[in-house]
Number of protein chains: 2
Amino acid sequence: MGQQVYQHTLPNGLVLLAERMTHVRSAALNFLVPAGSAFDPPGKLGVGSVLAGMITRGAGDRNSRELTLALDNLGVDRDESVGAVNMRFWGSTLARNVPAALDIYADILLRPHLPAEELEPVQALALQDIQSLEDSPQTKVMVELRRRYYPPPLNKDRRGRAEDIESLTIDAVKSQYRRLVRPRGAILSVAGNIEWEPLKAQVERLFSAWEPGESKDPVPEVHQPQSEHIHKDTQQTQIALAFPSVTVNDPDYYAARAAAGVLSGGMSSRLFTEVREKRGLCYSVYAFHETFKTQGTMLAYAGTRSERAQETLDVTLSELRRLKDGIEDDEIDRVKAGLKSSLIMQEESTSARAGAIATDWYYLGRVRSFDEIQAAIDGLTPAAVLGYLDRWPVRGITLVTLGPNPLTLPA
Amino acid sequence: MGQQVYQHTLPNGLVLLAERMTHVRSAALNFLVPAGSAFDPPGKLGVGSVLAGMITRGAGDRNSRELTLALDNLGVDRDESVGAVNMRFWGSTLARNVPAALDIYADILLRPHLPAEELEPVQALALQDIQSLEDSPQTKVMVELRRRYYPPPLNKDRRGRAEDIESLTIDAVKSQYRRLVRPRGAILSVAGNIEWEPLKAQVERLFSAWEPGESKDPVPEVHQPQSEHIHKDTQQTQIALAFPSVTVNDPDYYAARAAAGVLSGGMSSRLFTEVREKRGLCYSVYAFHETFKTQGTMLAYAGTRSERAQETLDVTLSELRRLKDGIEDDEIDRVKAGLKSSLIMQEESTSARAGAIATDWYYLGRVRSFDEIQAAIDGLTPAAVLGYLDRWPVRGITLVTLGPNPLTLPA
């Protein structure tokens with residue numbers, strides 16, 4: 001299967017990406033718009049999420065009900081979500097329905113009604129979202145970790161603050177829309193059984209009138225992360241930690257991914273073996289890498305019974321720290337096998353490809369070919385991972401725990 | 001894409017199913033073995049889950065570590081899970097690695113070591129699984145509903161009972177293995193870029209020596225479901241309910257699926273519109289159909305703030321009950337569009353197809369073709385759904401709620 005990727009930038013800044021996959025009948029589309037929660041103004045935390053909930057409630061010639069019906073009639077499975085930097089609109093349907101779906105998304109992005117009478121139910125849902133976090137300690141601990149670890153404004157959670165959401169006006173929502181839902185910095189990616197020239201012509205027709213506005217990446221403030229224990233009478237103790245790593249455009253990026261892979265990339269990985277298999281401390285323990293344009297981070301999570309929470313933290317940290325003491329060839333071989341399997345699975349999924357090409361463009365300004373990724377995976381060695389660990393040792397850990405008792409970070 | 005499905009039954013009863021998908025490079029395999037939690041003996045509730053945790057800890061010539069390494073070296077993404085009736089082994093990897101993966105799975109199923117020294121960590125994990133349910137009220141309410149709604153032994157949850165798990169011996173685990181992990185009633189399905197004849201020859205070679213044992217479906221006892229409120233000082237109130245519907249081999253099956261679809265099959269569906277969009281009562285509200293061989297069930301779930309929990313239950317039940325008063329043509333058209341989109345997505349995923357052909361065989365003793373499913377979807381009409389609702393009205397509801405205050409089931 002030769003990879004067919006196309007790219008075109010409109011004069012207003014909107015980037016269109018497409019990957020043609022002729023062996024499928026479906027297609028997925030993915031908009032990234034730089035209107036994430038980092039851009040929520042002070043006193044209006046959560047306005048981005050409220051906007052995402054409002055923006056589909058009527059647009060163009062359709063009221064809220066008509067718009068929802070139109071997308072359901074096309075069989076579009078869809079979702080709107082708000083990340084720290086980007087608001088994301090995802091949809092998946094039959095390839096032949098993509099043009100009709102794009103017509104509707106152009107209305108949503110360029111001509112939303114944002115009707116005042118819909119604000120109250122959207123606010124109620126946003127308040128629920130905050131409240132339900134209290135009943136989901138596994139989710140809450142990661143939210144609280146990111147809030148403390150990342151510098152403002154990257155540390156803002158999409159859920160915002162209850163007081164702020166309660167006091168939001170429709171004008172604040174409209175102002176957020178006008179300021180941020182703009183084509184400069186936005187990316188539309190489509191993957192599936194589509195034709196490039198008609199797609200490009202349609203996108204030019206639909207989106208050329210979208211006015212640029214200003215484009216900006218969020219600028220991180222100087223910040224000192226703080227560890228914290230959050231007391232809660234839960235049955236289990238939740239453990240989350242973070243420390244600095246590389247960004248996605250660093251030459252060490254795949255070495256960092258491989259380090260996370262040696263720790264928790266498969267059933268035979270170190271954390272899985274030591275924490276889960278040998279000691280039965282918890283089902284769910286993992287380390288992973290995540291990245292902003294300005295900083296990369298290694299994170300780890302475990303949720304366990306409170307009596308053995310300190311032991312779980314100790315074993316997890318010990319595994320993180322002893323990585324630098326040596327990595328076997330066959331550990332790296334297994335990481336490679338896992339990464340290659342994942343890559344091939346991704347090649348077979350329109351949603352995964354639409355997401356991957358948009359993410360590549362966002363971070364790198366280009367789409368990596370399968371050959372390039374394959375070569376980066378093939379080039380992994382224990383020495384490369386040890387080199388990364390030497391440059392980025394396990395240091396500056398922020399630890400957030402949630403449960404009945406605080407834990408001690410081992411020295 | 002013409003569908004290529006193959007089937008072969010070994011003399012010992014094992015059914016092999018395969019779907020050849022030439023447009024992909026991956027393949028997924030799926031074993032269903034009738035060793036689910038319904039077969040956990042009294043006093044040993046949870047032994048099936050412990051067995052599933054033990055069965056991969058060494059088999060054939062490999063000890064626990066070697067077995068895990070062998071599967072990770074092949075890049076096999078995998079999972080073992082225990083349902084009410086079946087234990088399920090799922091794996092996904094490159095198609096060319098399937099033969100090597102099958103060799104290992106034959107060891108796991110036919111020659112597991114079940115080593116005594118591994119029992120303790122597996123027990124610890126099983127106890128965690130029970131404990132973590134207390135911190136996941138959304139999951140807990142569905143577990144508690146099924147426990148009360150379904151007749152024994154179909155109402156047994158895989159997690160079992162803490163006292164029983166603590167007192168399990170290795171002999172009890174071995175006895176469960178010998179009694180239940182048998183080829184009669186078991187199904188192995190493979191979907192992806194595979195060749196039928198070599199696959200069939202390998203499966204005959206690997207599994208012919210597997211001794212049949214007895215085969216049995218679990219026999220439901222006579223049972224009177226009980227509604228209940230479970231008091232818990234959560235932030236939100238969880239609502240779950242169930243009432244009788246048709247099984248998957250009933251002529252009304254697709255009408256029942258369509259009824260669930262009109263209620264919660266898309267953003268424009270009735271529950272979504274009335275509960276979420278108009279009133280902002282909760283993000284998560286849905287109705288769905290599930291089935292055993294002996295009985296089908298319609299279930300519904302909502303999780304919401306406690307002050308508005310009664311209103312949420314009232315609106316949900318009112319929507320369930322007024323379905324019989326009339327369904328519009330365009331509602332059914334949207335359900336059809338959604339079901340067809342899902343069907344096409346499924347055609348493109350090896351994991352989805354491996355699961356679907358095994359499930360079809362389990363319930364129907366045959367694999368439905370895409371054309372047959374398409375025709376069933378095309379044949380849906382408002383009259384067909386109303387006919388189903390007439391035969392299977394909303395009656396005999398079991399309601400389980402979890403939260404600070406009990407709710408009243410509206411008359």
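**Exercises: the interface of chain A and chain B**

Four salt bridges are counted between chain A and chain B, a salt bridge being a side-chain nitrogen of Lys or Arg within 4 Å of a carboxyl oxygen of Asp or Glu. This is a predicted model, in which local features need pLDDT of at least 70 and side-chain atom pairs count only at pLDDT 80 or more, while totals for chains, interfaces and linings use all residues. Residues are numbered from 1 along each chain as its sequence is written, chains are lettered from A in the order in which they are written, and side-chain values use heavy atoms, with hydrogens and water left out.

**Exercise 1.** Find the residue with which Glu277(B) forms a salt bridge.

Solution. The partner is Arg57(A). The closest N and O atoms of the pair are 3.2 Å apart.

**Exercise 2.** State how many residues each chain gives to the contact, and how much area is buried.

Solution. Step one: with contact taken as heavy atoms within 4.5 Å, chain A gives 61 residues and chain B gives 61 residues. Step two: the buried area is the accessible area (1.4 Å probe) that two parts lose on being put together, summed over both. Between chain A and chain B this area is about 5,200 Å², and carbon and sulfur atoms give 49% of it. Step three: in chain A, Leu125(A), Gln128(A) and Asp135(A) lose the most area to chain B, together 12% of what that side buries.

**Exercise 3.** Explain why the copies meet through the same surface.

Solution. Of the interface residues of chain A, 100% are also interface residues in chain B, so the copies meet through the same surface.
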